[in-house]
Amino acid sequence: MSATKLETPVTAVGIAVKGNPTKDGKFEETEYTIEELNPGQVLVKITATSICHTDFQCFNTDGAVPGHEMCGKIEAMADDVKDLKIGQRVAIGWQRSSCRDCEFCNKGEENMCQKKTNFQDGKAGWATYVVWDAHFVAPVPDSIEDSAVAPLMCAGTTVYNAFKQNGVKKGDKVAIVSIGGLGHLGLMIAHKMGCEVTAISRGMDKKEEAEGFGANKYIDSKNKDHVKAAEKEFDFMLITTPADLDCDMYASMIQPQHGVMCFVGVPPSFKFTFGIYPIIVDNIKITGSLIASPETTNEMLKFCADNDVQPTIERFEFNADAFLKAVKRVNDNEIRFRAVMLL
Ligand SMILES: [Zn+2]
Ligand SMILES: [Zn+2]
């Protein structure tokens with residue numbers, strides 16, 4: 001099948017990386033022309049795009065346009081795309097494509113495909129337009145605003161999938177470690193699932209906000225008495241922190257035999273170190289989770305619409321300076337709780 005030529009070529013404005021913007025680097029606005037779509041692709045005009053820590057993996061790659069939490073409208077479609085409509089509101093996340101014909105793709109677990117591509121394989125979502133594989137473009141329920149949809153597409157779907165694939169259910173004692181972009185959605189989603197939810201964060205300054213998101217309890221991870229009081233308590237612990245941490249201390253709070261620690265944040269060292277005893281003696285499970293399949297993402301959007309789960313966001317304009325300001329604040333852990341650029 002051949003490419004579909006756009007009736008009128010579109011000039012996209014993207015926010016390109018120059019050096020490391022968390023240090024002395026910056027962002028530059030860059031223009032590129034989109035003239036055609038490959039089979040299966042759609043062109044989306046972006047209305048809201050947000051900043052996830054994973055975007056930082058693009059830093060030091062000059063010219064890269066990051067972004068993998070977007071909401072927008074379908075502007076054009078390749079001739080073979082049938083189940084979306086021009087003008088339809090849609091959302092896009094981390095995954096760009098998958099092979100669509102492997103053991104994982106064939107059972108609807110495309111996020112596990114070993115030939116998948118992600119936002120880093122091309123110009124991504126910090127832009128006015130993006131080209132994406134239609135299979136990884138999700139229709140959006142009417143009741144969620146564009147600015148709230150964007151953060152759900154990585155942060156929301158990542159935490160939802162972690163709960164789903166580990167069988168988290170009503171009544172479970174769930175701990176959410178680190179109350180940032182992912183963590184605050186983790187608190188809300190677990191609360192709406194009917195879990196008994198504990199927020200774990202450094203210091204007490206996020207206590208009130210965590211309770212507002214649905215936390216029944218709050219643990220200051222620097223307070224040894226708090227940690228001791230929660231010994232072997234949690235059925236499921238979701239670790240969202242992008243920082244290095246003392247895993248043994250967190251493992252001490254996991255229920256013996258069936259308790260699970262699930263990692264969704266990547267620390268700067270790309271490593272976590274565990275003492276072996278809780279794993280052998282208490283049989284706790286250690287696992288991780290990567291975004292979600294298109295089917296689970298659709299389910300997550302419906303769950304959030306039905307249960308009024310909306311991220312708390314800070315709004316920014318769409319330009320290179322605003323991105324630089326927001327990225328520095330994300331890096332300093334100051335954003336409450338997701339930075340969203342509105343177009
Ligand atoms: Zn992300
Ligand atoms: Zn595949």
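These questions and replies deal with a predicted model of a protein and its zinc ion.

Me: What makes Cys52, His68 and Cys154 the protein donors of the zinc ion (ligand 1)?
Reply: Donors are N, O and S atoms within 2.8 Å of the metal. Cys52 offers SG, His68 offers NE2 and Cys154 offers SG, lying 2.1 to 2.2 Å from the zinc ion. They therefore count as donors. Water is not among the atoms, so the site may look incomplete.

Me: How are the donor residues of the zinc ion spaced in sequence?
Reply: The pattern is C-x15-H-x85-C.

Me: Why does the pair Cys52 and Cys154 tie together parts that are apart in sequence?
Reply: Cys52 sits in the loop between β3 (41–50) and β4 (70–77), while Cys154 belongs to helix α1 (residues 146–165), so the parts they join are 102 residues apart in sequence.

Me: Are Cys52 and Cys154 buried or exposed?
Reply: Both are buried. That puts each under 20% relative accessible area. Across the protein, 55% of the 343 residues count as buried.

Me: How do you know that the radius of gyration agrees with a compact globule?
Reply: For 343 residues, a compact globule would have a value near 20 Å. The protein has 20 Å, so the two agree. Its C-alpha atoms fill a box of roughly 65 × 45 × 35 Å along the principal axes.

Me: What share of the contacts with a separation of 6 or more comes from residues 24 or more positions apart?
Reply: Such residues account for 70% of them. The protein has eight helices and 17 strands.

Me: What supplies the exposed area of the protein?
Reply: About 15,400 Å² is exposed, and carbon and sulfur atoms supply 47% of it.

Key:
Residues numbered from 1 in each chain as written. Chains lettered and ligands numbered in written order. Predicted model: local features only at pLDDT ≥ 70, side-chain atom pairs only at ≥ 80, totals over all residues. Heavy atoms only, no water. Helix = DSSP H or I, 4+ residues; strand = E, 2+ residues; numbered from the N terminus. Rg over C-alpha atoms; globule rule 2.2 N^0.38 Å. Buried < 20%, exposed > 50% of the residue type's maximum accessible area, 1.4 Å probe, protein only. Contact = heavy atoms within 4.5 Å. Areas by Shrake-Rupley, 256 points an atom, 1.4 Å probe, with all protein chains shown as cover. Donors = N, O, S within 2.8 Å, 3.2 Å for Na, K, Ca; no water.
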